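Let's take a walk through a protein model together. Have the picture ready and turn it as you read.

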Amino acid sequence: MNRILASTVLGIAALGIASTALADLKPEEQIQYRQAGYSFMSWNMGKIKSNLEGDYNAEQVAAAANAIAAIANSGMGALFGPGTEKDVGNVKTRVKPELFANMEDVGTIAGNFVAAADNLAKVAASGDQVEVSNAFGKLGETCKACHDEYRMKD
């Protein structure tokens, strides 16, 4: 019981520190950090895809799925603050301004993404390649849902 209480207190303290740190970020820093998070997730998605298409290594897949789930649950939504809907100096963004006007829809899409990432991590822990493939496809669908609506084309 004391461990649960202690971890809850630490979690709340960490959240407060993180919120303060995010509040101090300039718009261009928010864009850079969120792009770094998405790039890291993309790299891990690529690792899973190559495992599904080649020699399947359950440990690599589980590690990549856990990394994606960790980032998905990290609160990246806070990196879409005011001023990040457009390029800032030499820091470019591909987010459409419509994202900021449709936060309810974005919240639904983000919730679906987090749930799919969590499910992939859970399924990857089992090592079942077929289940991982299905969960990976569902995660990709949630990525596409956001990209189709709120990301500018290259």
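Where is Ala125 found? Ala125 sits in helix H5, and helices here are DSSP runs of H or I with at least four residues, while strands are runs of E with at least two, all numbered from the N terminus. Ala125 is exposed, with a relative accessible area of 65%. On this scale, buried means under 20% relative accessible area, exposed means over 50%, and partly exposed is in between (1.4 Å probe, protein chains only). Along the chain, Ala125 and Ala62 are 63 residues apart, yet their C-alpha atoms are 5.6 Å apart in space.

A quick word on what you're looking at: this is a predicted model, where local features need pLDDT of at least 70 and side-chain atom pairs count only at pLDDT 80 or more, while totals for chains, interfaces and linings use all residues. Residues are numbered from 1 along each chain as its sequence is written, and side-chain values use heavy atoms, with hydrogens and water left out.

Now step back to the whole chain. Its secondary structure comes to six helices and zero strands, so to speak α-α-α-α-α-α from the N terminus on. Of its 154 residues, 29% count as buried. Take the contacts (heavy atoms within 4.5 Å) between residues at least 6 apart in sequence: 72% of them join residues at least 24 apart.

Let's start with helix H2, residues 27-53. H2 has 27 residues and reaches 39 Å from its first C-alpha to its last, close to the 39 Å expected at 1.5 Å a residue. That expected span is 1.5 Å times one less than the number of residues. Which residues of H2 are buried? They are Gln30, Ile31, Arg34, Gly37, Met41, Asn44, Met45, Ile48, Asn51 and Leu52. These buried residues pack against helix H3 (58-72), helix H5 (103-126) and H6.

How do you describe such packing? Two packed helices are described by the angle between their axes and the distance between the axes. The axes are lines fitted to C-alpha atoms, for helices over the stretch in contact, and angles run from 0 to 180 degrees between N-to-C directions.

Try H2 and H3: they pack at an angle of about 155 degrees, with their axes 9 Å apart. That makes H2 roughly antiparallel to H3, since angles under 35 degrees count as roughly parallel, over 145 as roughly antiparallel, 65 to 115 as roughly perpendicular and the rest as oblique. By class, their contact has eleven nonpolar, four polar and one charged residues. Here Ala, Val, Leu, Ile, Met, Phe, Trp, Tyr, Cys and Pro count as nonpolar, Asp, Glu, Lys and Arg as charged, and the others, Gly among them, as polar. As for H3 itself, its 15 residues should span 21 Å at 1.5 Å a residue, and its end C-alpha atoms are 21 Å apart, which agrees. The buried residues of H3 include Val61, Ala62, Ala64 and Ala65, and the buried set packs against H2, H5 and H6.

Next, H2 and H6 (residues 129-150): their axes come within 11 Å and cross at roughly 140 degrees. H2 and H6 are therefore oblique to each other. In this contact, Met45, Ile48, Lys49, Asn51 and Leu52 in H2 meet Gln129, Val132, Ser133, Phe136, Leu139 and Gly140 in H6. Those residues divide into six nonpolar, four polar and one charged.

Pick out Phe136, which lies in helix H6. Is Phe136 buried or exposed? At 14% relative accessibility, Phe136 counts as buried. Not counting residues up to four places away in sequence, Phe136 touches Met45, Ile48, Lys49, Leu52 and Leu120. The C-alpha atoms of Phe136 and Leu120 are separated by 6.3 Å, with their places 16 residues apart along the chain.H5 and H6 make another pair: their axes come within 9 Å and cross at roughly 160 degrees. That makes H5 roughly antiparallel to H6. By class, the contact of H5 with H6 has 16 nonpolar, four polar and three charged residues.

Finish at Lys96, in the loop between H3 and helix H4 (98-101). Lys96 is partly exposed, with a relative accessible area of 23%. Leaving aside neighbours within four places in sequence, Lys96 is in contact with Asp148, Glu149, Tyr150, Arg151 and Met152. Lys96 and Arg151 are 55 residues apart in sequence and 5.4 Å apart in space, C-alpha to C-alpha.
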